[in-house]
Amino acid sequence: MSKKSAKVIEALEKLLADSYTLQLKTQNYHWNVTGPSFNSLHLLFEAQYTDLAAAIDEIAERIRALGGKAPGSFKAFAKLASIKEETESPKATEMVKNLAKDQDTIVASAEKALKAAEEIGDEPTVDLAIGRQQIHQKNAWMLHAHLE
Ligand SMILES: [Fe+2]
């Protein structure tokens, strides 16, 4: 790993941990959601965790390409993530509120990776981080639309 990339790798590790945690949380909600919005939320959550599954692989492999080691355990993710995993059984509206907030958290994680990458002219990571921001901002909009 070049010393130059250390900050980028650190930020990507956090983005990976947040993405993994959010994937599991979103899938948890996909399985356990109930109520009159069941069908639309079940499908919305599925689309979101499916995207995250692909993103996780992309982020982890970017860490490897930069010479870092990709974290890959629940223990490591729990330590690195800002997003809190779900251990309760919230109502559908709470699920949507929680995920909407988590989208903002992960946009901030992507922002940190973006800034670190910009500092060293790491354009592939800049591109990856911008792509993740766009998707999570769109997710936030879709989740908020369910609350209005
Ligand atoms: Fe399913």
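Start by colouring the whole chain by burial: of the 148 residues in the protein, 36% are buried. Keep in mind as you look around that this is a predicted model.

**The whole fold**

Switch to a cartoon view and follow the chain from its N terminus: the elements run α-α-α-α-α. You will find five helices and zero strands.

Now show the C-alpha trace and turn it along its principal axes, where the protein spans about 50 × 30 × 20 Å. How does the radius of gyration fit a compact globule? For 148 residues such a globule would have a value near 15 Å, and the protein has 16 Å, so the two agree.

Next, display the contacts between residues with a separation of 6 or more. Of these contacts in the protein, 77% join residues that are 24 or more positions apart.

**The pair α1 and α2**

Select residues 6-32, which form helix α1, and then add residues 38-65, which form helix α2. Two packed helices are described by the angle between their axes and the distance between the axes. Here the helices α1 and α2 pack at an angle of about 155°, and their axes are 8 Å apart. Angles over 145 degrees count as roughly antiparallel, and α1 and α2 are therefore roughly antiparallel to each other.

Rotate the view so that one helix lies in front of the other. Is the crossing of α1 and α2 left-handed or right-handed? The α1 and α2 crossing is left-handed.

Finally, show the side chains where α1 meets α2. The residues of this contact comprise 16 nonpolar, seven polar and three charged ones.

Methods
Residues numbered from 1 in each chain as written. Predicted model: local features only at pLDDT ≥ 70, side-chain atom pairs only at ≥ 80, totals over all residues. Helix = DSSP H or I, 4+ residues; strand = E, 2+ residues; numbered from the N terminus. Rg over C-alpha atoms; globule rule 2.2 N^0.38 Å. Buried ≥ 20, exposed ≤ 12 C-beta atoms within 10 Å, placed from the backbone. Contact = placed C-beta atoms within 7 Å. Axes fitted to C-alpha atoms, helices over the stretch in contact; angles between N-to-C directions. Parallel < 35°, antiparallel > 145°, perpendicular 65-115°, else oblique. Left-handed = near helix turned anticlockwise from the far one by under 90°. Nonpolar A, V, L, I, M, F, W, Y, C, P; charged D, E, K, R; others polar.
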